[in-house]
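The following exercises concern the structure displayed below. Each task is followed by a solution that proceeds step by step.

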Amino acid sequence: MKSRIALLTLIILIIGFLGFFNFPYLAQTVPTSLGFTTVDIPLGLILVGLTALMAIVFIAYVIAMQGAWLLEARAHAKEMHAQRELADKAEASRFTELRAAIESLHQEEERRLMDRMDTLEAHLQARAQESDNSTAAYVGQLEQQLRHTAAAPAPQTPRL
């Protein structure tokens, strides 16, 4: 890009140099045909003026093209930013959905665990009650045997 600017600057300097040192020849009036009439005008100055006009038109064109490119780049950057925000929102939504799914699974597992713990607790209480009943039955049976033994006369053993 800098080499193009350097080349254009060099060409402009050469044109300016030649125009400055050859101005008397550029300013000479010559008969010039315009197609329908002939006029005496300085043809060199008209050609230099038209060259300058062409340079101004090209510079305006380049500036307009650069401006359009900048506007397009800005619009593209805005669109990319909007798409990035949309993708971030979608990702956040997926994370929210994932969290909700994990929480529902956690609650389901917690409910199952609590149900199982309730079942085991009920079973343990039933076993404890059975154990208490068995122990009470054994104690009652021992008491009955003790009462029966205490109430019955002791058998006498023969002495020898």
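**Exercise 1. Confidence of the model**

Task: Determine which helix of the chain has the lowest confidence and which has the highest.

Solution. The structure is a predicted model, and confidence is therefore expressed as pLDDT, the predictor's score for each residue from 0 to 100. Within the chain, helix α2 (residues 23-26) has the lowest confidence, with a mean of 86. The highest confidence belongs to α3, at 92. For the chain as a whole, the average pLDDT is 89, and 94% of the residues score at least 70.

**Exercise 2. Aromatic pairs in helix α1**

Task: State how many aromatic pairs the structure holds, and classify the geometry of the rings of F17 and F21.

Solution.

Step 1. Two aromatic pairs are present in the structure.

Step 2. In the pair of F17 and F21, the ring centres are 4.7 Å apart and the planes meet at 70°. Planes over 60 degrees apart count as edge-to-face, so the pair of F17 and F21 is edge-to-face.

Step 3. F17 and F21 are four residues apart in helix α1, which means that about one helical turn separates them.

Step 4. The rings of F20 and F21 have centres 5.2 Å apart and planes at 80°, so this pair is edge-to-face.

Step 5. Through these ring pairs, F17, F20 and F21 are linked into a cluster. As for solvent accessibility, F20 is exposed because its relative accessibility is 64%, and F21 is exposed with a relative accessible area of 52%.

**Exercise 3. The nonpolar surface patch**

Task: Identify the residues that make the nonpolar surface patch, and decide whether L18 is buried, partly exposed or exposed.

Solution.

Step 1. The patch covers about 1,000 Å² and is made by L7, L8, L10, I11, I14, I15, F17, L18, F20 and F21.

Step 2. L18, one of the patch residues, is placed in helix α1 (residues 2-21).

Step 3. The relative accessibility of L18 is 46%, so this residue counts as partly exposed.

**Exercise 4. Salt bridges in helix α3**

Task: Find how many salt bridges the structure holds, and explain how E103 and R99 are placed relative to each other in helix α3.

Solution.

Step 1. The total is six salt bridges.

Step 2. One of them joins the side chains of E103 and R99, at 3.1 Å from N to O. The two residues are four positions apart in helix α3 (residues 43-151), so about one helical turn lies between them. E103 is partly exposed at 38% relative accessibility, whereas R99 is exposed at 58%.

Step 3. E108 forms a salt bridge with R111, the closest N and O atoms lying 2.4 Å apart. The spacing of E108 and R111 is three residues within helix α3, which again means a separation of about one helical turn.

Step 4. E108 also forms a salt bridge with R112, with 3.5 Å between the closest N and O atoms. E108 and R112 are four residues apart in helix α3, about one turn of the helix.

Step 5. The relative accessible areas are 29% for E108, 42% for R111 and 48% for R112. Buried means under 20% and exposed over 50%, so E108, R111 and R112 are each partly exposed.

Step 6. A network of salt bridges links E108, E109, R111, R112 and D115.

**Exercise 5. Strand β1 and the following loop**

Task: Establish whether T32 is buried or exposed, and whether F36 is buried or exposed.

Solution.

Step 1. T32 is found in strand β1 (residues 29-33). The relative accessibility of T32 is 12%, so this residue counts as buried.

Step 2. With residues up to four places away in sequence left out, T32 touches T37, T38, V39, I41 and L43.

Step 3. F36 lies in the loop between β1 and β2 (38-42). The relative accessible area of F36 is 75%, and F36 is therefore exposed.

Step 4. Along the chain, F36 and A150 are 114 residues apart. Their C-alpha atoms are separated by 161 Å.

Terms used: Residues numbered from 1 in each chain as written. Heavy atoms only, no water. Patch = residues over 30% accessible without salt bridge, like charges linked within 9 Å, V, L, I, M, F, W, Y side chains within 5 Å. Areas by Shrake-Rupley, 256 points an atom, 1.4 Å probe, with all protein chains shown as cover. Salt bridge = Lys/Arg side-chain N within 4 Å of Asp/Glu carboxyl O. Buried < 20%, exposed > 50% of the residue type's maximum accessible area, 1.4 Å probe, protein only. Contact = heavy atoms within 4.5 Å. Phe/Tyr/Trp six-rings, centres within 6.5 Å; stacked < 30°, edge-to-face > 60°.
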